[in-house]
Amino acid sequence: MRNVLLIGWLLLPVGAWAYHEGPGQDRVALEAADAVLVAAHQAADEGDWAKAVREYEAALNSLPKDADAYDKRVAQRLQIELNKARMLNSKLPDAREDLETLVEQMQGDADTDPVLLADAREALARSQYYTTWLMRLEGLPRGRAAGRRRRPSR
């Protein structure tokens, strides 16, 4: 019995090392993403949108490479918040394109969180409104400002 306990005690570090090198790396990456995310939220609360964009991008990049290690809603929420910050950091066209892609992906997925989808649609609608508003300020005619092509007259 003593030998079994001794061998088990000596193998415990091997098991801990195996966990650390396997699923533990995903946990480390999630903790790093969380730390960066806190800084991103703080920058957004302070109105420092350039820093918020950098921090949100860093948080997205620090997520584990294995998509099964975390809930996909985490990445979707980060993308929404990143694009909201981009809109306020004068990167409206980039934010609009990313939001259009994200909303299409979320609509195509059957198990998408409806609250998250609604938030993404709201951000996309806001980006479309701001884009139209800016185009109108530039003096484009109403049909062109909405991003629509002119219809041929009948």
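How many helices and strands does the protein chain have? In this predicted model, for which local features need pLDDT of at least 70 and side-chain atom pairs count only at pLDDT 80 or more, totals for chains, interfaces and linings use all residues. Residues are numbered from 1 along each chain as its sequence is written, and side-chain values use heavy atoms, with hydrogens and water left out. The protein chain has seven helices and zero strands, these elements being DSSP runs (helices H or I, at least four residues; strands E, at least two) numbered from the N terminus.

Of the 154 residues in the protein chain, 27% are buried (under 20% relative accessible area, with exposed meaning over 50% and partly exposed in between; 1.4 Å probe, protein chains only). The largest nonpolar core, a set of buried Ala, Val, Leu, Ile, Met, Phe, Trp, Tyr and Cys residues joined through side-chain atoms within 4.5 Å, has 14 residues, of which Ala-52, Tyr-56, Leu-63, Leu-78 and Ala-85 touch the most other members. Helix H2 (23-46), helix H3 (49-61) and helix H4 (72-88) each give two or more residues to this core. Apart from it lies another core of ten residues, including Ile-80, Leu-99, Ala-120 and Ala-123.

At the surface, Tyr-129, which is placed in helix H6 (residues 114-137), is exposed with a relative accessible area of 54%. Together with Tyr-130, Trp-133, Leu-134 and Leu-137, Tyr-129 makes a nonpolar surface patch of about 550 Å²; accessible areas come from the Shrake-Rupley method with a 1.4 Å probe, and for residues only the protein chains shown count as cover. Patches are made of residues with over 30% relative accessible area and no salt bridge (a side-chain nitrogen of Lys or Arg within 4 Å of a carboxyl oxygen of Asp or Glu), like charges being joined within 9 Å and nonpolar side chains (Val, Leu, Ile, Met, Phe, Trp, Tyr) within 5 Å.
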